Protein chains: 2
Amino acid sequence: AQIALERDYEGQREVETRMRVLMETTADAVVFVSIGTGLVADLNARAAQLLGGTIRDFTGRPIGGELQRDETPVEMRDLIEAGAEDEGPVYAARRTRRPLSVHATAFRASGERMALLRITRPGGQPEQDS
Amino acid sequence: AQIALERDYEGQREVETRMRVLMETTADAVVFVSIGTGLVADLNARAAQLLGGTIRDFTGRPIGGELQRDETPVEMRDLIEAGAEDEGPVYAARRTRRPLSVHATAFRASGERMALLRITRPGGQPEQDS
């Protein structure tokens, strides 16, 4: 059993490492959010940059306060429905005051409803430079 | 301890689910390969499509046989060095005979050397249509 547990632990660490490498080498700016709590579960450096801070600034914090519409913090419900629109609705990043488009993909992980948010500058390509 | 183990298990499943969602919603065609064995650890549908098959066709199989250069199967060493070049070297997909560019990012996960391969059609954007 000890060996099996260690294997599970190694397996989890391996998936987490792969996840990290994938997130930090993609051109996409991505944020994982818990729909129930509105808290950021994970994000990559590119997303943090578009939101105007670092990964540490946003991890475990509410996403709503970082995205505004008409100077009002966005609600999770609005973000989830964002997936339906083609270009994605445009918000303003609270910290940079620059416009951002958000596309959401909702899914369920371990019984928890989550959303993967892809953030882009509206009308433009995903950021290709860092 | 039982609760902690269940939490670990749930945690692993959650990371795996997030990984799956990220891989299947990105525009990138990505393949994770073990450098030591040359076997495909994971890939997304877009990568499988560019290689001319399905995810199941390639998972756990050698990547070398699927990419050719001058009608010779590519070696892992060539794939890893592919990360250095700007456009990435051009191979032919064995199944489709169409040219593919490959960019590699090498990393270490749980003591195993792995590579993340990003596959594109040379000269073009990453596939935006499915």
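**How two copies meet**

Every interface residue of chain B, 100% of them, is also an interface residue in chain A, so the copies meet through the same surface. Keep in mind that this is a predicted model.

How are the two chains related in space? Turn chain B by 180°, with a shift of 0.0 Å along the axis, and you can lay it on chain A with an RMSD of 0.0 Å. That's the relation of a two-fold axis. If you want to find that axis from chain B, look for B:Gln12: of the residues of chain B, its C-alpha comes closest to the rotation axis, at 2.7 Å.

Now for the contact itself. Chain B brings 32 residues to it, and chain A brings 32 residues too. People often describe the size of an interface by the accessible area lost when the parts come together. Here chain B and chain A bury about 2600 Å² between them, with 64% of it on carbon and sulfur atoms. Three residues stand out on chain B's side: B:Arg18, B:Leu22 and B:Ser110 supply 25% of the area that chain B buries against chain A, more than any other three residues.

What about charges and polar groups? The rule finds 0 salt bridges across the interface of chain B and chain A, while 6 residue pairs are in polar contact, counting pairs with both residues at pLDDT 80 or more.

Which parts of chain B do the touching? Helix 1 (2–25), strand 1 (29–34), strand 2 (40–43), strand 6 (99–109) and strand 7 (112–120) each supply at least two residues. The largest share, 16 residues, comes from helix 1 of chain B. Sorted by class, chain B's touching side has 14 nonpolar, 7 polar and 11 charged residues.

Technical notes:
Residues are numbered from 1 along each chain as its sequence is written. Chains are lettered from A and ligands numbered from 1 in the order in which they are written. This is a predicted model: local features need pLDDT of at least 70, side-chain atom pairs count only at pLDDT 80 or more; totals for chains, interfaces and linings use all residues. Side-chain values use heavy atoms; hydrogens and water are left out. Copies are superposed by least squares on the C-alpha atoms of residues with pLDDT of at least 70 in both. Contact means heavy atoms within 4.5 Å. Buried area is the accessible area (1.4 Å probe) that two parts lose on being put together, summed over both. A salt bridge is a side-chain nitrogen of Lys or Arg within 4 Å of a carboxyl oxygen of Asp or Glu. A polar contact is a pair of N or O atoms within 3.5 Å; within protein, one must be able to donate a hydrogen and the other to accept it, and residues adjacent in sequence count only if both atoms are side-chain atoms. Helices (H or I, at least four residues) and strands (E, at least two) are DSSP runs, numbered from the N terminus. Ala, Val, Leu, Ile, Met, Phe, Trp, Tyr, Cys and Pro count as nonpolar, Asp, Glu, Lys and Arg as charged, and the others, Gly among them, as polar.
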